[in-house]
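User: I'd like to go through the labels on this model and hear the reasoning behind each one. Can you show it and start wherever you like?

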Amino acid sequence: MKMSKFKQFMVAVSFLVFASGANASIINFIDLTENPTTGLGESAWNPLGLTVAGINLTITGNATNDDDNEQFAYLDWGNAGLGVCKDASNTGAHNGSSSNLCAPSSDDNITDFEFLTFVFDTKVRIDNFWFNNNHDGGFDSGDQVNINGGLYDVATGYAGGANGIGSFIVAADTDFNVAFANEQFYVSAMEFSTEDIPSSVGVPEPASIFLLGLGLLGLGAARRIRVL
């Protein structure tokens with residue numbers, strides 16, 4: 001049964017921000033989940049609201065094959081990070097590893113038809129993403145991720161380093177989507193900056209175009225079973 005929308009929580013994540021430039025920040029979603037003193041624990045959020053270096057970021061889970069398009073952004077324990085979950089075990093977002101879990105537990109990564117939407121309240125440049133497939137055998141050559149309508153190769157093996165994917169200019173209050181292409185995955189971390197952003201660079205494609213392309217792509221994708 002679909003859970004009601006969660007109240008938005010704005011979570012200060014200054015402990016996850018690492019300097020990589022004058023105005024650059026990295027959000028480590030694995031640490032956001034598992035840090036023993038400041039982590040949120042395994043939990044479902046709709047939406048997940050973060051405040052990073054004074055910039056508000058809202059993350060929602062979505063799916064093109066869901067009638068009401070409502071999913072949860074999901075923080076998954078076990079060296080995973082950020083995924084998408086359709087149904088959760090409780091009606092509120094909670095801090096803790098047993099309060100609001102994905103049901104079933106195997107539906108917590110990003111797979112067929114699913115995507116995450118990132119919305120910043122300030123214009124930013126996303127400089128990099130880190131992805132992993134640590135719960136499902138790792139990545140193979142040819143595995144890809146859909147980033148705002150474009151297909152990008154991910155690293156092979158158990159990805160722990162930067163995938164070399166970027167840069168993307170994202171306008172304030174504009175949807176930026178990371179979606180399934182041909183292999184399920186989690187988002188380990190992302191790096192973004194507010195400095196040296198060219199004013200002439202275009203913003204991401206409209207969400208309607210992205211959703212159309214994702215839907216067409218999903219028609220040809222076979223559902224993969226998660227290995228526990």
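Analyst: Let's start with phenylalanine 168, which is buried, with a relative accessible area of 11%. Keep in mind that this is a predicted model.

User: Why is phenylalanine 168 called buried?

Analyst: Buried means under 20% relative accessible area. Phenylalanine 168 has 11%, so the label buried applies.

User: What makes its contact with tyrosine 152 an edge-to-face aromatic pair?

Analyst: For context, the structure holds 7 aromatic pairs. In this one, tyrosine 152 and phenylalanine 168 are 5.5 Å apart centre to centre, with 85° between the planes. Ring centres have to lie within 6.5 Å to pair, and planes over 60 degrees apart count as edge-to-face. Both conditions hold, so the pair is edge-to-face. It links distant parts of the chain: tyrosine 152 sits in strand S11 and phenylalanine 168 in strand S12, 16 residues apart. Both rings also belong to one aromatic cluster, together with Phe118, Phe129, Phe131, Phe176 and Phe185.

User: Is tyrosine 152 buried or partly exposed?

Analyst: Partly exposed, because its relative accessible area is 30%, and that class runs between the 20% limit for buried and the 50% limit for exposed.

User: How do you know that tryptophan 130 is buried?

Analyst: Its relative accessible area is 16%, and the cut-off for buried is under 20%, so tryptophan 130 qualifies. Tryptophan 130 is in strand S9. Valine 154 is 24 residues away in sequence, yet the two C-alpha atoms are 8.8 Å apart in space.

User: And what makes glutamate 114 buried?

Analyst: A relative accessible area of 4%, so glutamate 114 falls under the 20% limit. Glutamate 114 is found in strand S8. Leaving aside neighbours within four places in sequence, its contacts include Asn62, Gln71, Asp107 and Phe180.

User: What is worth noting about the phi of asparagine 79 and of asparagine 148?

Analyst: Phi is near 60° for asparagine 79 and near 50° for asparagine 148, positive values in residues other than glycine. Most residues other than glycine have a negative phi. Asparagine 79 is in the loop between strands S6 and S7, while asparagine 148 is in the loop between S10 and S11.

User: Why do the two get separate burial labels?

Analyst: Asparagine 79 has 41% relative accessibility, so it counts as partly exposed. Asparagine 148 has 8%, so it counts as buried. The limit for buried is under 20%.

User: Which peptide bond is cis, and how do you know?

Analyst: The bond from asparagine 46 to proline 47, with omega near 0°. Most peptide bonds are trans. Proline 47 lies in the loop between strands S3 and S4.

User: How do you know that S6 pairs with S3 and with S7?

Analyst: Pairing takes at least two bridges. S3 and S6 have 3 and run antiparallel, and S6 and S7 have 5, also in the antiparallel sense, so both pairings stand. For instance, tyrosine 74 is the bridge partner of alanine 44, and cysteine 85 that of phenylalanine 72. S6 and S7 form a hairpin with 4 residues between them, where glycine 78 in the turn has a positive phi of about 95°.

User: What makes S6 mostly covered?

Analyst: The count: 5 of its 5 residues are buried. Phe72, Tyr74 and Asp76 point one way, and Ala73 and Leu75 the other way.

Note on methods:
Residues are numbered from 1 along each chain as its sequence is written. This is a predicted model: local features need pLDDT of at least 70, side-chain atom pairs count only at pLDDT 80 or more; totals for chains, interfaces and linings use all residues. Side-chain values use heavy atoms; hydrogens and water are left out. Helices (H or I, at least four residues) and strands (E, at least two) are DSSP runs, numbered from the N terminus. Buried means under 20% relative accessible area, exposed over 50%, partly exposed in between (1.4 Å probe, protein chains only). Contact means heavy atoms within 4.5 Å. Rings of Phe, Tyr and Trp (its six-membered ring) pair if their centres lie within 6.5 Å; planes under 30 degrees apart count as stacked, over 60 as edge-to-face and the rest as tilted.
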